[in-house]
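Take a look at the structure below. This report walks through some of its features in short steps.

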Amino acid sequence: MEVLFSLLVGVFFAAAVYLMLSKFLVRILLGVAILGNAVNLLLFTSGRILREVPPVIPAGLDRQVAVTANPLPQALILTAIVISFSFFAFLLVLSYRAFQDLGTDNANDMRVAEPVADSAPPTGY
Amino acid sequence: MPEYLLLLLLVLPFAGSLAIASLLRTAARTLPSWLAGGVALLATILTASYYPSVTNGKVVRYEIAWLPELGLNFTLRLDGFAWLFTMLVTAIGFLVVLYARYYMSAEDPIPRFFSFLLAFMGAMLGVVLSGNIILLSIFWELTSIFSFLLIGYWYHNANARDGARMALTITGIGGFCLLVGFLLIGHIVGSYDLDRVLASGDIIREHPLYLPALVLILIGALTKSAQFPFHFWLPNAMAAPTPVSAYLHSATMVKAGVFLLVRLWPALSGTFEWFWLVGFAGISTLLLGAYFAIFQRDLKGLLAYSTISHLGLITTLLSLGSPLAAVAAIFHMVNHATFKASLFMAAGIIDHETGTRDMQKLSGLFRYLPYTASLAMVACAAMAGVPLLNGFLSKEMFFAEAVETHADSILDQALPYIATLAGAFSVAYSIRFIHTVFFGPPPTDLPKPHPHEPPRWMRFPVESLVFACLIVGIVPGLSIGPFLHTAVLSVLGPETPYYSLAVWHGFNLPLVMSIVAMLGGAALYFALHNYLARCEDGPPIFRHLRGQRIFERILVTVSWKWARWLETNIGTRRLQPQLRIVAVVAFLAAFLPLHLSGFDAKLPPVRGVDPAFVMLWIIGMLSALAAAFLAKYHRFAALLLIGGSGIVTCVTFAWLSAPDLAITQLLVEIVTTVLLLLGLRWLPKRLDKIDESATFSARLRRLRDFAIAVACGVGMSILAYTVMTLPVPDTIANFFLERAYSEGGGRNVVNVILVDFRGFDTMGEIAVLGIVALTVFALLRRFRPATESIGLPEQQRIQNAYDDAQPERNKGDTVRDYLFVPSVVMQWLFPVVITFAIYLFMRGHDLPGGGFAAGITMAIAFLLQYLAGGTRWAEDRLRILPLRWIAFGLLIAAATGAGSWFFGYPFLTSHSQYLTLPLIGKVPTASALLFDLGVFSLVVGATVLILIAIAHQSIRTYRVKAAPKTEDA
């Protein structure tokens, strides 16, 4: 179980990193989408993997007595899901605007701020 | 005098500075000078009235708790030595203000000048009064900064800018070293309190960190006091207005270095290292400064090098480590401040009246400025050490100490000769100052041809200082005696030696040395007289060895050449390599600690395998890999596969006891996919034709990316596996499990954590979500797509072409009928989905669900309507106003949090109880539920706003280009 799960995490990360190393915005975007899942799964490992014991206190009891999954990583991942969603949305719109304004989706050609033929700063006083 | 007035003394100049700074540029020069003069005079009086509190070794302390956890207090401390110095700073400050009132011309921005001058005075008082060494180093830096501003006061002048920058660089580096040195001292002593440090001299001197601390502190002190080899900034700082030179570069700031050496003298001195480091710097500065001063053409240049030399004299005295030498050092600090300040002012008057400071042009001015000339002559005589003037007394003490043997080394044995030689040099440049400027034929080519005496009150500061020189020189015991004794007592304490301030000590060796120096100096000057009248600026051999040049070379090399080299060789401006570097560095940062801690990466046994999970996870891996593989040309397929990996994540959460995560993940996955679909519509396609795989370098690059990706993936796998196989530590999770119901009033622990225990986090998170939505809205609000992407998607073009080809169909029919049945279903689903959202929301506190999930579900309900009927159709029937949802959500969340204040609890404390409603039964009504309502509302608003902002792009396009019929996208 653990082996397979960690393999899953690793493959997600590898795919995300590979896509993010591309120079085209669409692929970077897709990479970010996978990276979100990869990171969430990795965070999930810190709570260990336990089957069918959700951290819900059964009715009639006022505290959990049986072993349950760790609720803290889950709460953090819930936050992470929402944040990575908003991050992704922002990145998407930013890429779109960048593409429209700069006329390219190749990150290497986006050189408005730092033109290639930039003159060197002064060499002395 | 009450202690708290010390604070007033410190605050007064800064307050005056602010007040003057707030005056307009156009304000007359009278008001700022009156204000500045008033502040300086008040500070002087305040200081003077503290005198009875510091005599006989008494100390005034005023302490405010600042960072008591770090042992840092805002401590002000006034003892005899600090009092003497404070008196110098305030009294000479007053005289300088008076002088500057007449010196500055009407074109100069007067308020700025006095504002900086007062701020500098405040910083200087801070250095002197600090009772905490960290506080001291803060004020120390402030003096550097205000000195920079004052030197660069005439910033239109390139010399002023360069001089200011050099002074700031040198003293700034020194200040930084000083701070580190102080931190070391604090570490050794265990306290930053000055009294503790002074009392711990023995501990400091025996500590292994003594040498580094000493070197660092000395760098700080020696740079400030312009000691060799850091002396070269001071002559360049002469580009400042003369009042600044008179104040900063004779009386106060450059004295801060020697002040610190005296201050820390009890704690640091008396060792072999101290003698050699301080002594070497002091003696070389003494000699070189005096030698350089002879050959300056600029009057202020002469005075600057003379200042360097005199500071070297004080440093040399302090290096000796004997109490008598320390007395002489303190005495000479005061004497030098008086005669040098008056000389600078006299030089300023000459410059002001004649328009030049070049000694080869100035000549015979006595006939025009008899009064100023007489004053300058007395001050010069004091500088040269002529009897019956204050300079003579401290110089005699120096000679007496030079003759004494202290550490029996070559340096020590050579000292009497060096001292006499430096004395002769000092006589030579003093005579040069007087002889060339005031005597000889009338000047021929002055920029201002008719010099005359300055106004009455411009002379007054010079007069008072020269008068002080005379009084101290003639009746030292009656004038300076008691004050000096107070100062010495506070530094040396019980070690205070017997010393005599008498003018006549009999015919002894120091007097012989003085006479030799006098005669030698006079002879030297008259031998050099003709050479000096014509020579270039600077001393014969060292003229070409310019400290300034070396400094700038180093600066250019470090700040430009090396930086450029680094940038061209290991830097990049491109995003892709930067991301690659980030990935590799992240990998190494994770890998190295694992490797160093001896992690053994052996293959773990495979056990307890569930075939369902195996299938699920293999599907997940395959989708991720396939997505990465296909993303280049088949982005739609890649998008679907990414959705697949998301679903796998979702099911994984569901099966591994995280129902909340599963629900949220599923819903977010839906919205993300829709977003990406909308986005891909507007992002460029990449076609198979552009095949770059042919080139070798592209292949190589892909291989490298692949290797990095695999390395990262393997690393993360190992990390995940290691984490999962470690035993579970005792975490705070149990705390949440135990308290969730009893204190949070909810059975769903994850939800209770989000809205109750860690509610503040959630609050921040929804704020982020709201900001992102608003940013997206702002980015796209007035934005239309570029013309090249305006054309209809291929699919719609085919459908329209089909309509055109069929005579019975109108154009757009197919588009409208497309997915007709599903769209009817979607329209009817609207109430169902909303009900589901409310259900998720209501049960969230006890069962999986909650504000996030409900909010996204609600957003999906709206989204479906857009999908089913098109943007126009949906907006004709629904007014969503997402901005209001966002605002309402944030307000409600904040109001719920703030509500607990009314009951006297901290922000976001929640309250829970069960309420029995008719028909429905018991309903949990925690205040956290209200908070969750805010979360819900904000998530709805933000998600819908983002989606609508992107969806509206299509309307904009069509409104411009196409017929209104095909508006539905």
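The text below covers helices across a membrane record, cysteines, salt bridges and cavities.

The model is predicted.

**Chain A and the record**

UniProt, in an unreviewed entry, lists residues 24–44 and 75–96 of chain A as "transmembrane region". What does the model show there? Residues 24–44 of chain A are 95% helix and 0% strand. The end C-alpha atoms of that stretch are 30 Å apart. Residues 75–96 of chain A are 100% helix, again with 0% strand. Here the end C-alpha atoms are 32 Å apart.

**Cysteines**

How many disulfides does the structure hold over all chains? The count is 0. A disulfide is a covalent bond between the sulfur atoms of two cysteines. Two cysteines of chain B can still be placed by their accessibility. B:Cys177 has 13% relative accessibility, so B:Cys177 counts as buried. B:Cys380 is buried too, with a relative accessible area of 2%.

**Salt bridges**

Over all chains, the count comes to 16 salt bridges. Three of them are set out here.

| Salt bridge | Closest N to O distance |
|---|---|
| B:Asp79 and B:Arg263 | 2.4 Å |
| B:Arg205 and B:Asp202 | 3.3 Å |
| B:Arg357 and B:Asp351 | 3.5 Å |

Start with B:Asp79 and B:Arg263, which form a salt bridge. B:Asp79 lies in the loop between strand 2 (72–78) and helix 4 (80–103) of chain B, and B:Arg263 lies in helix 13 (residues 253–263) of chain B, so the pair ties together parts that are 184 residues apart in sequence. Are these partners buried or exposed? B:Asp79 has 1% relative accessibility and counts as buried. B:Arg263, at 3%, counts as buried as well.

The salt bridge of B:Arg205 and B:Asp202 sits within one helix. The two residues are 3 apart in helix 9 (residues 201–206) of chain B, so about one helical turn separates them. B:Arg205 is partly exposed, with a relative accessible area of 25%. B:Asp202 is exposed, at 54%.

The side chains of B:Arg357 and B:Asp351 also meet in a salt bridge. B:Arg357 is partly exposed at 21% relative accessibility. B:Asp351 counts as buried at 15%, because the cut-off for buried is under 20%.

Some salt bridges share partners. They join B:Arg61, B:Glu63, B:Arg77, B:Asp79, B:Asp193, B:Asp195 and B:Arg263 into one network. The pair B:Asp79 and B:Arg263 belongs to this network.

**Cavities**

How many cavities of 30 Å³ or more are there? The count comes to 11.

The largest cavity has a volume of about 140 Å³. Its lining has 18 residues. Nearest its centre lie B:His310, B:Leu313, B:Lys395, B:Gly423 and B:Ser426. Helix 16 (299–319), helix 18 (370–384), helix 19 (390–403) and helix 20 (410–438) of chain B each supply at least two lining residues. Helix 20 of chain B gives the largest share, 5 residues. By class, the lining has 10 nonpolar, 7 polar and 1 charged residues.

The second largest cavity holds about 110 Å³ of space. It is lined by 14 residues. The closest to its centre are B:Phe392, B:Glu396, B:Ala502, B:Val503 and B:His505. Which helix gives the most to this lining? Helix 19 of chain B does, with 4 residues. By class, this lining has 9 nonpolar, 4 polar and 1 charged residues.

Definitions and conventions:
Residues are numbered from 1 along each chain as its sequence is written. Chains are lettered from A and ligands numbered from 1 in the order in which they are written. This is a predicted model: local features need pLDDT of at least 70, side-chain atom pairs count only at pLDDT 80 or more; totals for chains, interfaces and linings use all residues. Side-chain values use heavy atoms; hydrogens and water are left out. UniProt positions are given in the numbering used here, feature names are shortened, and annotations may be inferred rather than shown by experiment. A disulfide is a pair of cysteine sulfur atoms within 2.5 Å. Buried means under 20% relative accessible area, exposed over 50%, partly exposed in between (1.4 Å probe, protein chains only). On a 1 Å grid over the protein atoms alone, a cavity is a set of points where a 1.4 Å probe fits but cannot get out, and a pocket is an open set with protein on both sides within 12 Å along at least five of seven lines; lining residues have an atom within 4 Å of a point. Grid points are joined across faces, edges and corners, and a volume is the space filled by probe spheres set on the points. Ala, Val, Leu, Ile, Met, Phe, Trp, Tyr, Cys and Pro count as nonpolar, Asp, Glu, Lys and Arg as charged, and the others, Gly among them, as polar. A salt bridge is a side-chain nitrogen of Lys or Arg within 4 Å of a carboxyl oxygen of Asp or Glu.
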